[in-house]
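Okay, everyone, let's get going. I'll put the structure up, and then I'll talk you through a few parts of it.

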Amino acid sequence: MYDTAGHRRRFSGLLLSILMCGSAACARERFTRDPATLVAAIAGDPGQLNPAITTNGGVHTAAGLLYDGLLALDDSLRPTPALAVRWDVEDGGARYRFHLRQGVRWHDGAPFLAADVVFTFEQMLLRYHARTRASMASSLLSVAAVDDSTVLFTFRRPYAPLLQQLDVSEAPILPAHLYAGRDPLRNPVNMAPVGTGPFRFVSYTPHSEIRYAVNDRYFRGPSALKAVVLRIIPDEDTQVAALEAGEVDWLFAVPGPARRRLAGDARVRLVRSALSAGGSNCITTLGFNLERAWFRDVRVRKAIAHAVNRPQFVERVLFGEGRAADAPISSGIAFAHASDIAVPAFDTVEAARLLEAAGWRRTDTGPRTARGVAGVQDGTRFTIGFKALPSQIVYGDLLRAQLRGVGIDLRPEPLEQAVFAASVFTARDFDTAIGAYCNGTDPEIGVRRMYVTSSIAPVPFSNMAGYRSTTMDSLFDRAGASIALSERRRLYHEIQALAVRDQPYVWLVETSNLRAHSARCHGFSGSSHFAATAACTK
Amino acid sequence: MLRGDVLRRPSGRLGVVLLAVALGMAIVGPVVAPYDPFAITGGSLTAPSVAHAMGTDSLGRDVLSAVLFGARTSLLVAFAVSAIALVFGTAIGLTAGYRGGYIDDMLMRTTELFQVIPRFFIAVVVIALFGPGLDRIILVLGFTSWPTLARVVRGEVIAMRDLDFVRAAVAIGAPSGHIVRRQLLPNLMPTVIVTLGLLFGQVLLLEASLGFLGLADPGAISWGMLAAQAHGFLRVAWWLALFPGLAITITVLGVNLLADAYAAALGRD
Amino acid sequence: MYEVTARFVAGRLLQVVPTVLAIVIISFLLAHLAPGDPVLALAGEHGDAAYYAFMRERFGLDQSLPRQLAIYVRQVATGDLGFSYVYGRDTLPVILERVPATILLTTTALFFSLLVAIPLGAIAAARPHGGRDIGISTMALGLYSTPAFWVAQLAILGLSLKLGIFPVQGMTSAGGDPAGLPRAWDVARHLALPALVLASQEIAVLVRVTRSTLLDELARDHIRTARAKGLGEARALVRHALPRAMLPVVSIVGARIGHLIAGASIVEIIFGWPGMGRLLLASLQSRDTPILLGIFLVVSLTVVLVNLLSDLAHAALDPRIRVR
């Protein structure tokens, strides 16, 4: 027999200390971090920290602070100096000469040279960075180091958007001396990276956190922060709770339902940004598969555009954060956006009229049936599929509700990214689908791919509709080869008028990026270097 | 006689009432639902009111109608999975336990194969790779749920083989089929029913977990899917979480209390 | 007796080989026959045909399926689980880095749930169908039928945000580097919530198993006899029935370890716990097939081993098993 009473006493003592320690007493005992350390939440483990070999948004979000591009983009997306201090546009836009900043050093102390730029483009960006490769590789003739501080880009023909494509998320510059002669995908430097950026790498604990320390030799001067910790928190509600509990200082995204609460919380500040590591100026867009008989008739596409209540998407899907899309090109690309264009307005009577005229008859409250629609057997019901990534299936839920009113039965189907890409863009096995088409900072980056015939390809978020128009193709070719802004503006307006006339897509909403940070910090920017100019107090 | 025994116990009575509520929703739900569950019939996230007894969701759809429509899907999946598990689990467990020897070894190796990878992982992987769908959910959950039952049944059969009444039956030369049907099966029922009761609850919740990961079939409203949709709104709209959650709890409680009472009435304790 | 045990273990280990081989082949086929293209997921939004062809070649995806399978099986046999597309590293270390966190979480949850479930099961069994029994069953089932992600959120709201007792997320404090005892304390504080939430889902099952096996034991002849001779009710339960009832509980624990690891994945996502379940779900989204297959392999090996251990424990508690 052992002494049960004593045993119980010991146990309750332990229990008591756990409980007491949990509350006030232990909160003090708990690890307190330096106020000059910023903790930012990121949603996924990036896996590795080399942004030049991937377009994965998670890698770019996590690694942005470590690197610089030749240029940077300011908050209105204009190019400003970064690793390059000046640049000359020569030969009508077919040649670009960049003069590099002197005295810049990599985090390991080695000097930054023109050879690094050439190496990064040739061995990494143009091979593995899918976006840069797709937009530049075919028109770029060469990248060459004229001397240690001059780089020359030579194109086959004038290339307008280059200056928009050289910031840290489109073209980060990496150190040649650590990557040369080794397979960049397997290089261990990817896990212990070296850059020129405002912060340098300290440690990486997979699926937990990544730590950076301030780069004291940063060419713009050291940041006021001593360190940045990127905390990996996959659930967005947990991210918000962590911000409210003071465990985290910065969120890259705020879930819709939490916005109102955070806006009224004195400990929290909200900031808006057009920039995002995954792509800027995104328009959530419904695409019709134009190869399907249903959608060959433009009246059917127009009818659906009229049946869509876009303000309701802003109110109930985006919780007010964003705006109804009023043109095919985002309002974030101010020079190209055609704000005066008339996209089909919400009008269910007009939608019904167009559907009747196209041969889709309504006899009861259910879906319409075909009578005399070319390529569709009479009596066929207007039931169409809708494919979406799981995160965007809510658009399908609302679209289904809205289209029911005009007699169209929409069936949403969520698919994981790999399956979505393969069935929509490779097999082209879909009726309608939705995508967050990020227009980027220039229509050449993110708009062209939606409309030109050559990008009907098994590539995610290319020409989803399968839209073919030789007029459109030549308009884009002219707009891309012109460097006069007024000329480009005129051409992009023409492009948008044609897109609205043919309606291969319905442009639903422009989404914006809402970030949140704790009130003890200030001075954040919307760029990939979000924390470089920030400062935190106790 | 048995029915009386079940109903005499308070847990049995409560179980019957709760299960009747769930079944009632599945049978008449779509008829009595006030609205089309897919249509927008109110404002975004309005609290329960006269017009919307269980409030509305973020898009403005009626939650009560969704709960009523969801009953059919949820119960269909749960019953179908249980049926698959019952048939395969009992048959394989009985054969393995009764025959023993290499048949037992072979069947148990197969069972183990189905058991080593957790059911939830298999379900997530299959749905994520092949896309959502009720048929897939039923098949995947059905064919990963029988091993537990098979093991339990086998264990019981082995234990029973040595009991006097079975030995006696074998000694007087009763045919195997007769022994299985008359002696083993009835005595297995309590265990089988209790195991199935727990499985039933797991299936309803697995749908919720799949929904949490964005893998629910949006064409088929189910309680699990509704519970998962409520996830992001827990702090702004309690009604989204509460009502589908209650529906799940009522059903799981009903099935399990009834299973307990049934097992007790069969002489388990 | 020693030899019997050794032979028993060796025999069981030998049976593991075909099971694992079957798992490897089935999961490989499942992942590769599914629709969808890993290269599309990898390249993200932009890319061209040449880029995809280039990436396919890099990862050996341009080979025929039987050939890929043959290569994969040969690799696995030598302990190489392939090269992760997303991590750009060998798969095995990527997975093994997550294993300690998962083990810590699941074993703590298991411990919590046993700590709660065995006494509750015993109380319920003391007077079957009494008020306490029904109360305990209802409570356990209520918890059991509540989705884990709600329990988790409510726990965060109540215990972290309102009361400030536990941290919201992670396994350690952000940016902290404690060592030794302070580190253990830091991890323990972060572990408490996820482990409690995971345990809440296990309790119902274990309460029911404990209760029903106890009832079986109490009905046995020797206990009936002892009771008839005047052995007290509680004494019969605790001293005689409970130890024997632990046998089925031990085997249930073995059988449920897989469920626990899988159930942990949602808890891991919500609490930002760096475990294996989260890695599996992330690898599905990015279609990182080597990671996916690797986790299946590691989990199935774990389950097989735990089952083996539970069989051995069973054998130690009940000598009759070794004879068979």
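**A helix, two contacts and a sheet**

Let's start with helix α5 of chain B, residues 119-130. At 1.5 Å a residue, its 12 residues should span 16 Å, and the end C-alpha atoms are indeed 16 Å apart, so the two agree. Bear in mind that what you're looking at is a predicted model.

Now, how many of the 12 residues of α5(B) are buried? The count is 11, so to speak a helix that is mostly covered. Reading along, the buried ones are Arg119(B), Phe120(B), Phe121(B), Ile122(B), Ala123(B), Val124(B), Val125(B), Val126(B), Ile127(B), Ala128(B) and Leu129(B). Then, just after α5(B), you'll find Gly131(B) with a positive phi of about 90 degrees.

Staying with chain B for a second, 19 of its residues are in contact with 21 residues of chain A. On the chain B side of that contact, the classes come out as 11 nonpolar, seven polar and one charged.

Next, chain A against chain C. Here 53 residues of chain A are in contact with 50 residues of chain C. Which elements of chain A supply at least two residues each to the side that touches chain C? They are α1 (4-29), β1 (37-42), α4 (130-136), β9 (209-214), β10 (227-232), α6 (236-244) and α12 (417-426). The most comes from α12(A), with seven residues. By class, that side of chain A divides into 24 nonpolar, 16 polar and 13 charged residues.

Some of those strands turn up again in a sheet. In chain A, seven strands form an open, mixed sheet, and the order is β8-β9-β10-β1-β11-β21-β12. At the edges sit β8 (199-205) and β12 (268-273) of chain A, each pairing on one side only. Look inside the sheet and you'll see β1(A) and β10(A) pairing in the parallel sense, over six bridges. If you want a spot to click on, Ile42(A) stands opposite Ile232(A) in β10(A).

Last thing, confidence. For the complex, the predictor gives an ipTM of 0.83 and a pTM of 0.85. Chain C averages a pLDDT of 81, with 89% of the residues scoring at least 70. Where in chain C is confidence lowest, and where is it highest? The low end is helix α14 (residues 320-323) of chain C, at a mean of 47, and the high end is helix α5 (residues 91-96) of chain C, at 90. Where pLDDT is low, the predicted coordinates shouldn't be read in detail.

How values were computed
Residues are numbered from 1 along each chain as its sequence is written. Chains are lettered from A and ligands numbered from 1 in the order in which they are written. This is a predicted model: local features need pLDDT of at least 70, side-chain atom pairs count only at pLDDT 80 or more; totals for chains, interfaces and linings use all residues. Two residues are in contact if their C-beta atoms, placed from the backbone, lie within 7 Å. Helices (H or I, at least four residues) and strands (E, at least two) are DSSP runs, numbered from the N terminus. Ala, Val, Leu, Ile, Met, Phe, Trp, Tyr, Cys and Pro count as nonpolar, Asp, Glu, Lys and Arg as charged, and the others, Gly among them, as polar. Two strands pair if DSSP finds at least two bridges between them. The expected span of a helix is 1.5 Å times one less than its number of residues. A residue is buried if 20 or more other C-beta atoms lie within 10 Å of its own, exposed if 12 or fewer, and partly exposed in between; C-beta atoms are placed from the backbone. pLDDT is the predictor's confidence in each residue, from 0 to 100.
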